[in-house]
Amino acid sequence: MLKDKVAIVTGAGSGIGRAVALAYAREGAAVLVSDLTAPGGEETVAQIRAAGGTASFFAADVADPAACEALAAAAVERYGRLDIACNNAGIGGEAAPTGDYSIDGWRQVLDINLNGVFYCMKAQIPRMLEGGGGAIVNMASILGAVGFATAPAYVAAKHGVLGLTKTAAQEYAAQGLRVNAVGPGFIHTPLISGLEADAATNAMLVSLHPIGRLGRAEEVAELTLWLSSPAASFVTGAYVPVDGGYLTR
Ligand code: NAP
């Protein structure tokens, strides 16, 4: 499905990003696995290589524009082109109602979850256009579509990712570059392990998903893979939930 394609995945040392990187590689892409620090990313690379795929690691903090530029440049240097990017790195941030939310906490979440997506896209787009187009999938959330008490920064950042996705989709559609966003419900990953550890909170979260369970990273990866592939050739500017029915409520 992705033979001869070159892909970047940010936040690929854990959770959803790792699952996306593995799915891209399984379908034949060379994957530049990126994360803040090496251990998780190197483990993703090792899993891809063990399965016969092509991957290497590049450390980048998505809150740093220069690092995002270097990451996109590295894809072209190492593999000759850039076709696909999954801008996935993100954090949950502190939990507090808006009136009590710290300024530092707000800035940190916006820097990583929204500014980071913009910095990555800004670096990726010219390189994709040089190659005749491509596909960007931004990892939003159900909380890009609805509010969630005590998560004002996360919700605002993910809503921002949707706006950025739709705008870039319009700007580059005629040049063969598609830009879409994925909206996971609550997914079993280290990001929410603290929430899942509390039985009452976990039960509350499960009750928000009509399917009756939380999601798996691989279920998000399959949608991301499809949006990144030629099978989705007429899909751009879309926000696609993968949420066990969360947004039907
Ligand atoms: P995860 O397991 O915590 O993985 C996130 C990865 O991003 C980690 O490897 C983390 O590195 C990395 N990261 C954090 N800050 C970074 C930065 N500044 N620069 C580069 N990498 C950074 O979380 P996940 O659940 O897979 O989340 C992936 C994406 O899905 C996020 O955008 C999240 O908002 C979104 N999402 C998750 C859920 C969910 O329920 N899990 C639901 C909806 C959307 P460290 O571990 O070193 O910090």
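Start by selecting Asp100, which sits in the loop between strand S4 and helix H4 (103-130). Keep in mind as you click around that this is a predicted model. Is Asp100 buried or exposed? Asp100 is exposed, with a relative accessible area of 57%, which clears the 50% cut-off for that label.

Now add Thr150 to the selection. Asp100 and Thr150 are 50 residues apart along the chain, and their C-alpha atoms are separated by 9.1 Å. Thr150 belongs to the loop between strand S5 and helix H5 (152-172). At 35% relative accessibility, Thr150 counts as partly exposed, because that label covers values between 20% and 50%. Take a look at the backbone here too: Thr150 isn't a glycine, yet it has a positive phi of about 80 degrees.

There's another backbone stop like that at Asp4. Asp4 has a positive phi of about 70 degrees, and it is not a glycine either. Where is Asp4? You'll find Asp4 in the segment before strand S1 (6-9). Asp4 is exposed, with a relative accessible area of 59%.

Next, show two helices together: H1 (residues 15-26) and H8 (residues 217-228). Their axes are 8 Å apart, and the helices pack at an angle of about 50 degrees. That angle makes H1 oblique to H8, because it falls between the roughly parallel range, under 35 degrees, and the roughly perpendicular one, 65 to 115. The crossing of H1 and H8 is right-handed.

Which residues of H1 and H8 meet? On the H1 side, select Gly15, Ile16, Ala19, Val20, Ala23, Tyr24 and Arg26. Their partners in H8 are Ala217, Glu218, Val220, Ala221, Glu222, Thr224, Leu225 and Ser228. Colour the contact of H1 with H8 by class and you get 9 nonpolar, 3 polar and 3 charged residues.

Hide H1 for a moment and stay with H8. H8 has 12 residues and reaches 16 Å from its first C-alpha to its last, close to the 16 Å expected at 1.5 Å a residue. Which residues of H8 are buried? Pick out Ala217, Val220, Ala221, Leu223, Thr224, Leu225, Leu227 and Ser228. Bring the surroundings back, and you'll see that the cover over the buried residues of H8 includes H1, along with strands S4 (84-87), S5 (134-139), S6 (177-184) and S7 (239-242).

Step off H8 into the loop between H8 and S7, and select Ser229. Ser229 has a relative accessibility of 1%, so it counts as buried. What does Ser229 touch, leaving aside its neighbours within four places in sequence? The contacts of Ser229 are Met1, Leu2 and Arg178. For a distance to draw, try Ser229 to Tyr24: they are 205 residues apart in sequence and 9.3 Å apart in space, C-alpha to C-alpha. You've met Tyr24 already, as one of the H1 residues in the meeting with H8.

Finish at Thr189, in the loop between S6 and helix H6 (193-197). Is Thr189 buried or exposed? Thr189 is buried, with a relative accessible area of 12%, under the 20% cut-off. Not counting residues up to four places away in sequence, Thr189 touches Gly15, Ile16 and Glu196. Gly15 and Ile16 should look familiar: both are among the H1 residues that meet H8.

Key:
Residues numbered from 1 in each chain as written. Predicted model: local features only at pLDDT ≥ 70, side-chain atom pairs only at ≥ 80, totals over all residues. Heavy atoms only, no water. Axes fitted to C-alpha atoms, helices over the stretch in contact; angles between N-to-C directions. Helix = DSSP H or I, 4+ residues; strand = E, 2+ residues; numbered from the N terminus. Parallel < 35°, antiparallel > 145°, perpendicular 65-115°, else oblique. Left-handed = near helix turned anticlockwise from the far one by under 90°. Contact = heavy atoms within 4.5 Å. Nonpolar A, V, L, I, M, F, W, Y, C, P; charged D, E, K, R; others polar. Expected span 1.5 Å × (residues − 1). Buried < 20%, exposed > 50% of the residue type's maximum accessible area, 1.4 Å probe, protein only.
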